[in-house]
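Biologist: Please take a close look at one part of the surface, and then set that part in the context of the rest of the chain. I would like the cut-offs behind each term to be given as you go.

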Amino acid sequence: MQQSSILILFLIFLGFTSNAQEYSYKRYTVDDGLPSNAVYGGMQDSRGYIWFYTEKGIARFDGYEFKTYTVKDGLPTNDIFYITEDQYGKLWFHSFARELVIMDVERDSFITISRIDTPIYNPHSILSNGKEVWALQNRGVELFFTSAHTIDTLMKDYPKTAQLLQSGYPTNYSYHFAPGHYLGFKEQDQQAFIGTSHGHLIDTFFFHNLNKKETKNLSNRTFNSYRFFQDKLYIKPINDSLIYCLDLESKHVNKINMKEHLGGLPDFVRFYLQDDILQIQTNLGLLIVNEKANIIDIFKPKISSDIQLERIFKDRAGNIWITSKEKGVYLLSAQERNTLQLSLAVKGDNAINCMDYFNQTIYLGSRQGNIYELSPPYSTTTLLCSGSSQYNDIPIIKSIDASKDNLWFIRQSDGIFHMELSTQKVQSLEGQIKNLFKFDAKSLKRKSPPTEGTGTIKYLFSVGKDLFWNKHKNELIVGRGFFPYRCILSSDTATIQFLAHKRTYSVAYDSSETIWLGHNDGLGSFKNDIYTFHDDIKLLNGKNIWDLEVGSDNTLWAGTDGYGLVAYNGKNAFCISGTEDDIIQDVFISEDEYIWIATNYGVKQIEQRKPLDQSAVVNIYNVNSGLVTREANSVIADSQYIFVGTSEGLTQIQRQMVHYDSTAPTLYLDQILINGEKIKKDNIYHLTHDQNELEFFFTALSYKSFGNIQYEYQLMGADRSTIVTTNRSIRYSNLAPGTYTFNLIATDIQGIKSAALNPIEIIISPPWWQTKLFYAALVLAITAIIIGIYLWRIRNIQQKAEWETKINKQFAALELQALQAQMNPHFVFNALGAIQYFIQTNKKELADDYLAQFGHLMRLFLESSKNKYIKLADEIELLNTYIRLEKIRFKQKFDYQLTVAEDISTHNTFLPSMLLQPFVENAINHGLFHKDGEGLLSINIKKEDNGALKCIIEDNGIGREKAGEIKKQSKRNYKSRATQITEERLSALRKFEDFDIQFNIEDLFDHSGNPKGTKVIINIPEID
């Protein structure tokens, strides 16, 4: 190709630059759910939701979808100019309407708190003292809130002709900054004053640095925007470029110049208070002010000039929201603020195919065949514009290599070209070497290359895939088809040396003068005129290699077609972790030795580590970082910026993130449906067996994720493991009765996890036929059937065993009754013997008296014998009667004492019936009867600490040993069984009543060892 034809193909545009820069925005319109594309503004509520107000209603946005509200839902009018949130989370709507309506967001309901006859624009200030909320309207009506849920709609109307107005202090042009307090100005003498809504003057003073004109602008509040924040009053007069910050404590005024910060005078200013910062919203930009009145952030939208903006605000995560008059809403995430889209000088040329970097200048090749130069302050200059291709192909710049004053590039189908940067002279390689080239003899020994005589020699210089200019040896390495070669240029000749006969897509050169070749089936090298195919590198053998770069330590970095980035140090090869599946179009090594790769997943930054196999991806830049598309064609990184070429344009990203969002998603459970019906949100649910269809609806607020949020959930009891989904609803059907626990957590696009949702416990009761009682009854029924069959087979044996068991139980009960009944004849026998004695001795009066008392005793005895247990009072009465009878029978031979402790309630204390009488009988009949002299019987009943009774029966009789001797000498056949019967009764009580009564009998002796009586101690446990 002749030099003249080359000049026809290329037109050089020097000084044709483009400085246009834009952010990459996410746009929302009516097609996404907004009620209108004309959006006045927006705000973020305390729960994290974003609200927009328009001329056709309001909308709440959760990162996924918009929920709209109109007059049909309770709005006073669809045309809402502004929204304010009070400290209790209620939203106040500013509009032209007859009604003042607020929204209780928690209950998703609207409340009308006042009405007027004529609809007027009724903005209001929301004031608070920390506990209570006031809403002050323009017409001087103050609404008072007492709590989060109680509203006092008693309105206080403060007349404009109050005492202050009569004294020359205008009250209608004042700024309310606290409940019942306002600031005003006397224009004539520049004096400021603070008054109350009741017309009382509190203070007058002068601000230190306000001139007369500024005071005049401040004194007329009618169209001025203002907001009280941190003891400072911010005022923006309608026709003033300044915002005045009035410090009410120091009486000093700070002035914010809007033109200086935003480059012009905005149409309108709104003050938006969010947490501890004040946002100054305008159509030209956003200013963020902290509590010290310092500007901590300025945002000026880089957006097309044909878009008319309304207001801009920043949410808590640092994301920027821009509302427009006709185009809807634009979202710029915090991370995307670090990214700009750089426009190119040639209109419509947005696809960057390749780039190279030299001396702080970036050279870009586009798919339209244009070449651009990009240098600080990073505006693009068109170096070369291409005409149409001679083959009518797409004139793609396939490869660029830049060095001092030399720029080599390949233009598809047109060949290899060289530009001398100092003169902007462009020549094709064929035209530059003319006919002065020759083939290297050694290279001819291999597979025959094209020859000059074949007519195909031009094909060597008309196509190419990659190139590398070795400025030290003045040679050009060209990767192309089956004949990669190097062209050694000199003043009078050019030598062509073929390197391999494999299809080659990339070339590189290391410090040992090795030429590396990336083939479509692996890695090759050429050194000392010897070609080597490295089939021993398994990670690269058979793999298509798109790009090669050599590091300062001669490490070779190979970008493959779907097999990731491979590092080869001459001995071993390693696939870099985090790139395994990447299709890599470009590899770049920055001056700080980081490896950058342009992939089908965006740009990845790799940190080189020692050992080499520990190298890993440390950053990923994709659409969430501001790229227009995740498919990156080329990448360059300097100390400040990362430049990414894509088919959608050129992107510039700040390496050091100035703006970022590290906040975790806020996770909400929106609704639970049971059998398709909404229920109140709670932490535990008790359901019936037929309430077994559950649906959970949830949302994680993370606007930077653009809806790309993963949810990990598990219904313990139903799911064996955690399940990952991107859906925001889960449904469970036909759940079996049991206890379930629902757990949920969200992960945003950066891998940051939310706080776990409070576990929700769900208890589904079984139907009655699945209850334990039913199963028990069923088991019993089955058991009964089995037992019936079993009884049928071994009926006689089983019946006998059952009858024996029944009889034993009956005998046990009867034994206890019989033992008690045996006391009756024993006592009656002795009593009748005494009556017989009185009659025989002709002592009728004693017999009558004895018989009367005996009858009373028998009634007591019969009453006590009906029950197992009797009151202590009844037992004492029985004992007293019995002992008196015995005294009569034994001619007053003994006396007795019966004492009961005062802390014992005899009518509330119980003991087994006839328990003490046998021991008293033994003491009288065997101890005192045979005593010479006066006998004494002592009965003492007291209460132990554990509530038990302790009964001590003591006599001063002859003792058990002497009584036994007398009994042996006696000729009577009667054998007393009182003690034996008592022991048997007590044994029966232990066995069948689990009532353990212990007694102990002691023989008493005097100091000489002679018997002096008997003591019986009976311990009776407390009976409930």
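Which residues make the nonpolar surface patch of about 370 Å²?

Modeller: The patch is made by Tyr 775, Leu 778, Ile 782 and Ile 786. The model is predicted, with local features needing pLDDT of at least 70 and side-chain atom pairs pLDDT 80 or more, while totals for chains, interfaces and linings use all residues. Residues are numbered from 1 along each chain as its sequence is written, and side-chain values use heavy atoms, leaving out hydrogens and water.

A patch here collects residues with over 30% relative accessible area and no salt bridge, nonpolar side chains (Val, Leu, Ile, Met, Phe, Trp, Tyr) being joined within 5 Å and like charges within 9 Å. Of its members, Ile 782 lies in helix H8, residues 772-793, where helices (H or I, at least four residues) and strands (E, at least two) are DSSP runs numbered from the N terminus. With a relative accessible area of 43%, Ile 782 is partly exposed, a class that falls between buried (under 20%) and exposed (over 50%), with a 1.4 Å probe and protein chains only. For the whole chain, about 49700 Å² is exposed, and carbon and sulfur atoms supply 48% of that area; accessible areas come from the Shrake-Rupley method with a 1.4 Å probe, and for residues only the protein chains shown count as cover.

As for the chain around the patch, its secondary structure comes to 15 helices and 75 strands, and buried residues make up 50% of its 1024 residues. Of the contacts (heavy atoms within 4.5 Å) with a separation of 6 or more, 53% are between residues 24 or more positions apart.

Ser 754, in the loop between S67 and S68, is an example of a buried residue, with a relative accessible area of 6%. Beyond its neighbours within four places in sequence, Ser 754 touches Ala 664, Pro 665, Leu 667, Ile 745 and Ala 746.

The same loop between strand S67 (738-747) and strand S68 (760-764) holds Asp 748, which brings in the charged pairs. The structure has 21 salt bridges, each a side-chain nitrogen of Lys or Arg within 4 Å of a carboxyl oxygen of Asp or Glu. One of them joins Asp 748 to Lys 704, with the closest N and O atoms 3.0 Å apart. Lys 704 sits in the loop between strand S63 (694-701) and strand S64 (710-716), so that this pair links parts of the chain 44 residues apart. Both Asp 748 and Lys 704 are buried. Elsewhere, Asp 62, Glu 65 and Arg 728 are joined into one network by salt bridges that share partners.

Arg 486 and Glu 475 form another salt bridge, at 3.5 Å between the closest N and O atoms. Because Arg 486 belongs to strand S43 (residues 485-489) and Glu 475 to strand S42 (residues 475-479), the pair ties together parts that are eleven residues apart in sequence. Arg 486 and Glu 475 are both buried. In a further salt bridge, Arg 107 meets Asp 104 at 3.1 Å, N to O, and Asp 104 is buried at 8% relative accessible area.

A sheet completes the picture: four strands form an open sheet in the order S20-S21-S22-S23, with antiparallel pairing, two strands being taken to pair if DSSP finds at least two bridges between them. Strand S20 (225-229) and strand S23 (253-257) are the edge strands, each pairing on one side only. From one strand to the next the twist averages 15°, with axes fitted to C-alpha atoms, for helices over the stretch in contact, and angles running from 0 to 180 degrees between N-to-C directions.

Helix H3 (residues 212-219) packs on this sheet, touching strand S21 (232-236), S22 and S23, and its direction makes about 85° with that of S22. Five bridges join S20 to S21, Ser 225 being partnered by Lys 236 in S21, and in the hairpin of S20 and S21, which has two residues between the strands, Gln 230 takes a positive phi near 55°. Strand S22 (residues 242-247) pairs with S23 over five bridges, and Tyr 244 has Lys 255 of S23 as its bridge partner.

Lys 236 is also among the residues in contact with Leu 265, together with Asp 240, Ser 241, Lys 259 and Leu 284, once neighbours within four places in sequence are left aside. Leu 265 lies in the loop between helix H4 (258-262) and strand S24 (270-274) and counts as partly exposed at 39% relative accessibility.
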